[in-house]
Amino acid sequence: MDDDGLVASEFATVRVSLDTQGNSPRLRLEDLRSGAVRFLDALELESIVWAPEGFLRELLDPSRHRWRDDGSAGGGP
Amino acid sequence: MTTTTDLRSRVEPDRVHGSLYTDPAIYAQELERIWYTTWVYVGHTSEIPQPNDYVRKNIGPQQVVLTRDRTGAIHVLHNRCSHRGNLVCDADRGNSSSFRCPYHGWTFANTGELLGFPFNQGYGGAQAKERLAGLGAAPRVESYRGFVFASLAAEGPTLREHLGAAAERIDQLCRLSPEGEVELTAGWVRHEVTANWKMLVENETDGYHPQFVHSSIFSISGSGIGALYSDKSTAVTRALGGGHSENDLSPEFRKLGVPMGWAGTPEARIPDYAAAMRAAYGKETGDEIMINGSPHVMIFPNLFIAEIQLFVIQPLAVDRTVQHVTAIQFAGAPDLNRRLVTQCVGSVGPAGMLLADDAEMYERNQRGVAQRQPEWLDLSRGLQRERTDERGFTVGTATDETSMRAMWAHYLTLMDPA
Ligand code: FES
Ligand SMILES: [Fe+2]
């Protein structure tokens, strides 16, 4: 992460910042390629830390949430 | 296509035919039988220190991605999407547990495994992952002291068998670090020449040319190295087996007996390094290592360790070759490392004199060898005074063509295994 909170590779570009608008701080994640934003609170972050490896691998499947064609609700923040 | 009988008639003990450098059919055969069969140097573990680091590398014209997965295991993957063949990775380096192809979004783990693709109903659902291919991977990947090699053949000699005595030269290099490790972290310069790759391999341990081609850099830098490549020198050219060869200048450095004399760097300039070496190895052994110097070894077919810099040879066509070059860095030796980078900028950087001299000779040689007469290149220098050393290696004087003759003999065993 650089000074501007940019986490980037050739595959994705996400800006990470600490948001303090709420009653507790949250992590603000902005996908700079689409403009989509998601907030993660402390307990959500802790849950990700403890999630098994397979959890992230599933998220990385493009059909899992973002690019679906089975008629079900897609993902998205 | 060149038949193998044809090939054997073009390589003789003391001469080789010019067509070996210019014939596209021979080049095509070399790719199959040498570059895509034998062990080829790919990269160094210090280039991918963290889990999920990756760097783009090559095996001849093949583009590969050298990855370290989350468990630390190392993979050499073909940079080709299993959907319709797009290049998957474009950046020279990065950190990512997975790679997503920019064309249609197929996504792969850095082990090569297919993780998924967009709109999977078109394939009958997510379970299609089981039947669809992931990224191709080199069937054999092994490393020796951080030097990662790959073979695209599923079977063959082990890396240790392939390296043979050349492994000791890698040891010699690593011992120059107080921590016993080399780090290739100085960045790479890419030099492309219009010449056949074997011109480069042969030149790397050709001790006959430095006094002519490099005389100006030797005189400007006040280097004593040039004088070591003469008939009066006790330095030798040694065939190490397996097509590997070296110019062993260490007898001269031992005669000189000065720690770091080989590098032309007075110890007073690198006091921390000298102290760290003696602390790590003891005074006597530390001095011995620093006196003995760094290897000058060509590890067939593509890794050339030239004392303070490292070259990787990459053929792209019968008459096109890239040399990737970097300054060698030693773990635990910051003061020495700074000097090595400065020295390498002068010798092999974008305006470096040493490599520019050689590059000019490669290109002239390629143009010259395309002329019709005489058809053969002479390889006979020193044949009459060649000897076998105490370990059974063939040795010539510093300016003899011992290493080239051995390279060609090995070449035939790969190109015509029968
Ligand atoms: S070519 Fe890579 S996803 Fe289509
Ligand atoms: Fe289009």
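Biologist: Hi! I've just opened this one. How many cavities of 30 Å³ or more are there?

Modeller: The count comes to two cavities of 30 Å³ or more. Here a cavity is a set of points on a 1 Å grid over the protein atoms alone where a 1.4 Å probe fits but cannot get out. Volumes are the space filled by probe spheres on the points, which are joined across faces, edges and corners.

Biologist: Anything I should know about the model before we go on?

Modeller: It is a predicted model, with pLDDT of at least 70 needed for local features and 80 or more for side-chain atom pairs, while totals for chains, interfaces and linings use all residues. Residues are numbered from 1 along each chain as written, chains are lettered from A and ligands numbered from 1 in written order, and side-chain values use heavy atoms, without hydrogens or water.

Biologist: Back to the holes. How much space lies in the largest cavity, and which residues are closest to its centre?

Modeller: The largest cavity holds about 60 Å³ of space. It has 13 lining residues, and the closest to the centre are Asn247(B), Asp248(B), Leu249(B), Ser294(B) and Pro295(B). Lining residues have an atom within 4 Å of a point.

Biologist: Which elements give two or more residues to that lining?

Modeller: In chain B, those are helix H4 (166-175), strand E16 (244-248) and helix H9 (250-256). E16(B) has the largest share, with three residues. Helices (H or I, at least four residues) and strands (E, at least two) are DSSP runs, numbered from the N terminus.

Biologist: And how does the lining divide by class?

Modeller: The largest cavity is lined by three nonpolar, six polar and four charged residues. Asp, Glu, Lys and Arg count as charged, Ala, Val, Leu, Ile, Met, Phe, Trp, Tyr, Cys and Pro as nonpolar, and the others, Gly among them, as polar.

Biologist: What about the second largest cavity: how much space is in there, and what lines it?

Modeller: That one has about 30 Å³ of space. Its lining is made of Val201(B), Glu202(B), Thr205(B), Gly243(B), Ser245(B), Met298(B), Ser403(B), Met404(B) and Met407(B). Helices H5 (197-204) and H14 (402-415) of chain B each give two or more of these residues, and H14(B) gives the most, with three. By class, there are four nonpolar, four polar and one charged.

Biologist: Let's switch to pockets. How much space lies in the second largest one?

Modeller: About 1,000 Å³. A pocket is an open set of points with protein on both sides within 12 Å along at least five of seven lines. The second largest pocket has 40 lining residues, and Phe218(B), Ser223(B), Ile225(B), Glu307(B) and Leu354(B) lie nearest its centre.

Biologist: Which helix has the largest share of that lining?

Modeller: H12(B), with five residues. Elements that give two or more residues also include H5, H9 and H13 of chain B. By class, the pocket lining has 18 nonpolar, 17 polar and five charged residues.

Biologist: H5 keeps coming up. At what angle does H5(B) pack with H13(B)?

Modeller: The angle between H5(B) and helix H13 (353-369) of chain B is about 130°, and their axes are 10 Å apart. On the H5(B) side, the contact is made by Met199(B), Leu200(B), Asn203(B) and Glu204(B), and on the H13(B) side by Asp358(B), Tyr362(B), Asn365(B), Gln366(B) and Val369(B). Contact means heavy atoms within 4.5 Å. That contact has four nonpolar, three polar and two charged residues.

Biologist: Any odd backbone spots? Where are the cis peptide bonds?

Modeller: One joins Phe300(B) and Pro301(B), with omega about 5°. Pro301(B) sits in the loop between strand E17 (296-299) and E18 of chain B. Another joins Gln373(B) and Pro374(B), with omega about -15°, and Pro374(B) is in the loop between H13 and strand E22 (376-378) of chain B.

Biologist: And what is the phi of Asn52(B)?

Modeller: Asn52(B) has a positive phi of about 75°, although it is not a glycine. Asn52(B) is in the loop between strands E3 (40-44) and E4 (53-59) of chain B. Most residues other than glycine have a negative phi, and most peptide bonds are trans.

Biologist: Last one: what is the secondary structure of chain A?

Modeller: Chain A has two helices and four strands, in the order β-β-β-β-α-α from the N terminus on. Its C-alpha trace spans about 40 × 25 × 25 Å along the principal axes.

Technical notes: Axes are lines fitted to C-alpha atoms, for helices over the stretch in contact, and angles run from 0 to 180 degrees between N-to-C directions.
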